[in-house]
Structure formats: C-alpha cells, structure tokens
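Hi,

Here is the structure I promised to pass on. Could you have a look at it and then read my notes below?

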Amino acid sequence: MPDILKVDAVSKTYASGLNALEHIDLNIRRGEIFALLGPNGAGKTTLISIICGIVNASSGSVRVDGHDILRDWRAARELIGLVPQELTTDAFETVLATVTFSRGLFGKPPNPAHVEQVLRSLSLWDKRDSKIITLSGGMKRRLMIAKALSHEPQMLFLDEPTAGVDVTLRRDMWALVRGLRETGVTVILTTHYIEEAEEMADRVGIISKGRLILVEDKTVLMHKLGRKQLTLALHQPLAALPELHGVPPSAMELSKGGHELVYTYDRDRERTGIAELLLALSQAGIAFKDLQTTQSSLEDIFVSLVEGGVA
C-alpha cells in the first residue's frame, strides 16, 4: 500500500536546549496499524504533536497524503484525527452536541447520519443526550475517539488510548481499532502496554531519547530478535554449567539455584541442537523431570533494545 505519512529528517529542540527529537525519518503505510513504543520522555508525544500541527519542528518536513503540514496545513489537518491522552471536554455539553461541534470545526457540512454511525460504533448512541460529566472514564475515552472521527479523517492518532481503563474495556478498544482499520483508516498509536502493540500492530517503531532506533514489521521483528528457549527442570541441581559434548556453553545457563538448565537456540535453523543437547545430557548422567519451550515477547525485545542490549 502507498504511504499516507512521510516524516523526513524531523528534529525538535526546545528553547531550554532540550533535544526532544533528532532526525526522525518515518513512513506510515495507508491502512496499517502502527505502534510507536518508547519510555516516558522518549519523544512519542512530541512527534505526534508535530505531525498534527500542534508543535512546530525545528527542522525537517512532514507530508500527509502529499500535503505539507505547514504549507498546506488545512488540507493536511483535515486528514488527521487525534485522540490525546488527556480527557479534555466540556463537562456540561451533551455527547451528540460535542461530536457535532467537532465536525464543524473542520468546516465539514452537517451530516447527522455520519455522527450517528460513529456514536453507534462506539456504543455511545444511547448516551447521545447525556452530559459528558455523567459519563464513566471508559465512555469519555470513547467520546474522545468519536470527536476525532467526526470529520472523517483518513489517519487516526491514539495517544495512550487505553490508559486508565480496565482490562475488559481495553480489549473492547482493541476490537474497535481493528474495526477502524477495516474501514480504511490508518491508525498510529502510542502505548505503554506492550501487549497492546503485540496484539494489534502491523508494524512497530521504537523511540528512545529522541531517536527512532527501529521500525519493523511486528512478525519480522519477533522472528529476527525473539529468542526461543528450552528449559529443563533437573532431578538434581547443578553447581556449575556442565561440559557437554557438541553443546556450546554460551547457549546454556543455570537458573533457580541450579535446578533448571536453560538452552537458547534459533528455531529456524536446520539444526536447533536440541537432539544433541538431550543426548549429551544423557551421556553425562544428567536427568531431567520436565521441559518446556518459551519465546521472548515483544516486551523482552523492547526492553533489550532500549537498554542497548541484544534480544
């Protein structure tokens, strides 16, 4: 699919001297779900704010579906919907009125049918005449999404969309985001919940200290960096790593006080070395009572990259 967003060499230095972003290059494909991950202060919100025209970049350019965010700002902004992390709404306005008003802010003609469709898709239609102050936190979060979708954007930014909501509502929100993608909306989300990115994203970007250190398809990333491990629960604990014929010591480690032997391998190689390991253990008289395999999660990969290690 063609790119809907092009970020070219964007940097941001604040008056205080803080380098919030350094030479960010990023292309977002039309119709994908892209997750931007990073610790607090990494630059996620600054980057989104620049793309949405809220903050000016110190250098670089941003184009939304070919429209420069500065020179052709009106056309660019019409294509963008933003759901900020903060729940900022007029507490005494009704749900229907605030979504209708948001559509008008973008110069769109009234379209009651579209507003109704948006509210129904977010399970808010029954609350259309309710004042915002009476809504629960989860309903307010849905309302912010409805406001962002009111003008029919092609690209939706969700800044920490499930912050402060319970697990059940979080999964409902995941289903909602997938539904938006199916209608053709490109979704870019920032999140502290690694499982959120692992569950939904097509691609993942990791930002740390103002630098975009990795952009990769989620499945490719986990294929390239995810470790596969075989853990054997031993009958008798070991005081030190055994010397096993044909098994490199670097692939093994002891855990739980020597009661477990952990073997790390590449599952996609023609030979994983597991057969050789089990044979060598038998020859060394080392017995085990149980074994299990695990693969590193996206969270493991994220932590390793941010800390500068190797996943």
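Strand 4 (residues 59–64) and strand 5 run antiparallel and are joined by 2 bridges; two strands count as paired if DSSP finds at least two bridges between them. One of the pairs is Arg-63 with Asp-68, the latter in strand 5. Strands here are DSSP runs of E, at least two residues, and helices are runs of H or I, at least four residues, numbered from the N terminus.

Before you go further: this is a predicted model, where local features need pLDDT of at least 70 and side-chain atom pairs count only at pLDDT 80 or more, while totals for chains, interfaces and linings use all residues. Residues are numbered from 1 along each chain as its sequence is written, and side-chain values use heavy atoms, with hydrogens and water left out.

Back to the sheet. It is open, with 4 strands in the order 2-1-4-5 and antiparallel pairing. Strand 2 (19–29) and strand 5 (67–68) are at the edges with a single partner strand each, so one side of each has no neighbour in the sheet.

Strand 2 also holds Arg-29. That residue is partly exposed, at 35% relative accessible area (buried is under 20%, exposed over 50%, partly exposed in between, with a 1.4 Å probe and protein chains only). The side chains of Arg-29 and Asp-217 share a polar contact of 3.2 Å, meaning a pair of N or O atoms within 3.5 Å, one able to donate a hydrogen and the other to accept it; residues adjacent in sequence count only if both atoms are side-chain atoms.

Now the empty space. On a 1 Å grid over the protein atoms alone, a cavity is a set of points where a 1.4 Å probe fits but cannot get out, a pocket is an open set with protein on both sides within 12 Å along at least five of seven lines, and lining residues have an atom within 4 Å of a point.

The whole structure has 1 cavity of 30 Å³ or more, and the largest cavity is about 40 Å³ in volume. Its lining has 8 nonpolar residues, no polar and no charged ones, including Leu-26, Phe-34 and Phe-157. Helix 1 gives the largest share, 3 residues.

The largest pocket has a volume of about 340 Å³. Of its 18 lining residues, Leu-82, Ser-102, Leu-105, Phe-106 and Lys-147 are the closest to the centre. Helix 3 gives the most to this lining, with 4 residues.

Cheers

Note on methods. Points joined across faces, edges and corners; volume = space filled by probe spheres on them. Nonpolar A, V, L, I, M, F, W, Y, C, P; charged D, E, K, R; others polar.
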